[in-house]
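The following exercises concern a single protein chain. Each task is followed by a solution worked in steps.

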Amino acid sequence: MIEKINYENRAKIFTALSDATRLRLADLLLNTDEISCSEIAEQLGISLSLSCQAR
């Protein structure tokens, strides 16, 4: 049976990842075993409060 493709959900994912900081965050999280909010903020050049919201 062919799985139905939900284009609306996929479009939402692409929209979220169209922001360069979000894409860098996703890449960072995929390639790191453990990382703190302060390390995320430092590596991405964003505020600590913003990095903690991304969790």
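**Exercise 1. Classify S51 as buried or exposed, and list what S51 touches.**

Solution. In this predicted model, S51 is found in helix 4, which covers residues 48-53. A residue counts as buried when its relative accessible area is under 20%. The relative accessibility of S51 is 0%, so S51 is buried. Leaving aside residues up to four places away in sequence, S51 touches C37, I40, A41 and I46.

**Exercise 2. Determine how exposed S49 is, and describe its surroundings.**

Solution. Like the residue of the previous exercise, S49 is found in helix 4. The exposed class begins over 50% and the buried class lies under 20%. With a relative accessible area of 49%, S49 is therefore partly exposed. The side chain of S49 makes a polar contact with the side chain of S47, at 3.3 Å. Along the chain, S49 and C37 are twelve residues apart, and their C-alpha atoms are separated by 8.3 Å. C37 is also one of the residues that S51 touches.

**Exercise 3. Locate G45 and assign its exposure class.**

Solution. G45 lies in the loop between helix 3 (37-44) and helix 4. Its relative accessible area is 66%, and because the exposed class starts over 50%, G45 is exposed. A distance across the sequence completes the description: G45 and T21 are 24 residues apart in sequence, and 9.1 Å separates them in space, C-alpha to C-alpha.

**Exercise 4. Describe the packing of helix 1 against helix 2.**

Solution. Begin with the geometry. Helix 1 (residues 7-17) and helix 2 (residues 20-30) pack with their axes 6 Å apart and at an angle of about 100°. Angles of 65 to 115 degrees count as roughly perpendicular, so helix 1 is roughly perpendicular to helix 2.

Next, identify the residues that meet. Helix 1 contributes T15, A16 and L17, while helix 2 contributes R22, L23 and A26. By class, the residues of this contact comprise four nonpolar, one polar and one charged.

**Exercise 5. State how many residues of helix 1 are buried, and examine the start of this helix.**

Solution. Helix 1 has eleven residues, and the count of buried residues among them is zero, which leaves the helix hardly covered. At the start of helix 1, a side-chain oxygen of N6 comes to within 3.1 Å of the backbone nitrogen of E8.

**Exercise 6. Summarise the secondary structure and the surface of the whole chain.**

Solution. The chain holds four helices and zero strands, and its pattern along the sequence is α-α-α-α. Of the 55 residues in the chain, 13% are buried; S51, at 0% relative accessibility, is one of the buried residues. The accessible surface of the chain amounts to about 4,900 Å², and carbon and sulfur atoms account for 54% of this surface.

How values were computed
Residues are numbered from 1 along each chain as its sequence is written. This is a predicted model: local features need pLDDT of at least 70, side-chain atom pairs count only at pLDDT 80 or more; totals for chains, interfaces and linings use all residues. Side-chain values use heavy atoms; hydrogens and water are left out. Axes are lines fitted to C-alpha atoms, for helices over the stretch in contact, and angles run from 0 to 180 degrees between N-to-C directions. Helices (H or I, at least four residues) and strands (E, at least two) are DSSP runs, numbered from the N terminus. Angles under 35 degrees count as roughly parallel, over 145 as roughly antiparallel, 65 to 115 as roughly perpendicular and the rest as oblique. Contact means heavy atoms within 4.5 Å. Ala, Val, Leu, Ile, Met, Phe, Trp, Tyr, Cys and Pro count as nonpolar, Asp, Glu, Lys and Arg as charged, and the others, Gly among them, as polar. Buried means under 20% relative accessible area, exposed over 50%, partly exposed in between (1.4 Å probe, protein chains only). Accessible areas come from the Shrake-Rupley method with a 1.4 Å probe; for residues, only the protein chains shown count as cover. A polar contact is a pair of N or O atoms within 3.5 Å; within protein, one must be able to donate a hydrogen and the other to accept it, and residues adjacent in sequence count only if both atoms are side-chain atoms.
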